Amino acid sequence: MIQEVTVKATRLQVIWSGKLEANDAKDIQENLTEYINKGYSAICIDLSALDYIDYHGVGALLSIHKIALQNGIELEVKGQHGMVKELFRLIRLDKVFGKKQAN
């Protein structure tokens, strides 16, 4: 679920909270794709309020990453903790999203 979206010039900040499961993943992907198509140059996804993510949520995040790369948009993912952080390490998403990911 997207809790909050903040726009500053051409930078978009998105805070995900609660659980990100199959029910929400497709909507989040479509929502962020719309923002990408509006021409934002950078997106920051803050996961500090996210307690759980399933493989549908991971798939949505990877899809957003791919679309951002194709459009030359900087994507930062930060704030992972607990189960989310462990899952990111296990499936090596910490390598996909680089050093900005370490929290």
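In the predicted model, R92 is exposed, with a relative accessible area of 53%. This residue lies in the loop between α3 and α4 (93–96). Although R92 is not a glycine, its phi is positive, at about 65°. A second non-glycine residue with a positive phi is A9, where the angle is about 55°. A9 is placed in the loop between β1 (2–8) and β2, and its relative accessibility of 74% makes it count as exposed. A positive phi of about 100° is also found at G39, just after α1.

Helix α1 spans residues 22–37 and has 16 residues. From its first C-alpha to its last, α1 reaches 23 Å, close to the 22 Å expected at 1.5 Å a residue. The buried residues of this helix are A25, I28, L32, T33, Y35 and I36. They lie on the same side of α1 because they cover an arc of only 155° around the axis. The face turned away from this buried side carries the exposed residues N23, K26, E34 and N37.

The largest nonpolar core contains 27 residues, of which W16, L32 and I45 touch the most other members. Two or more residues are given to this core by each of β2 (11–20), α1, β3 (42–53), α2 (55–70), β4 (74–78) and α3 (82–90). L32, listed among the buried residues of α1, is in contact with L12, V14, W16, I45 and I64 when its neighbours within four places in sequence are left aside. Two of these partners, W16 and I45, are named with L32 as the core residues that touch the most other members.

One aromatic pair is present in the structure. The pair is formed by Y35 and Y40, with 5.9 Å centre to centre and 55° between the planes. This geometry is tilted, since the angle is not over the 60 degrees required for edge-to-face and not under the 30 degrees required for stacked. Y35 counts as buried because its relative accessibility is 18%, under the cut-off of 20%. Y40 likewise counts as buried, at 16% relative accessibility. Y35 also has a charged residue over its ring: K38 lies over the face of Y35, at 5.1 Å from the ring centre. Y35 is thus described by its place among the buried residues of α1, by its tilted pairing with Y40 and by the position of K38 over its face.

How values were computed:
Residues numbered from 1 in each chain as written. Predicted model: local features only at pLDDT ≥ 70, side-chain atom pairs only at ≥ 80, totals over all residues. Heavy atoms only, no water. Helix = DSSP H or I, 4+ residues; strand = E, 2+ residues; numbered from the N terminus. Expected span 1.5 Å × (residues − 1). Buried < 20%, exposed > 50% of the residue type's maximum accessible area, 1.4 Å probe, protein only. Arc of directions from axis to C-beta. Core = buried A, V, L, I, M, F, W, Y, C linked by side-chain atoms within 4.5 Å. Contact = heavy atoms within 4.5 Å. Phe/Tyr/Trp six-rings, centres within 6.5 Å; stacked < 30°, edge-to-face > 60°. Lys NZ or Arg CZ within 6 Å of the ring centre and 35° of its normal.
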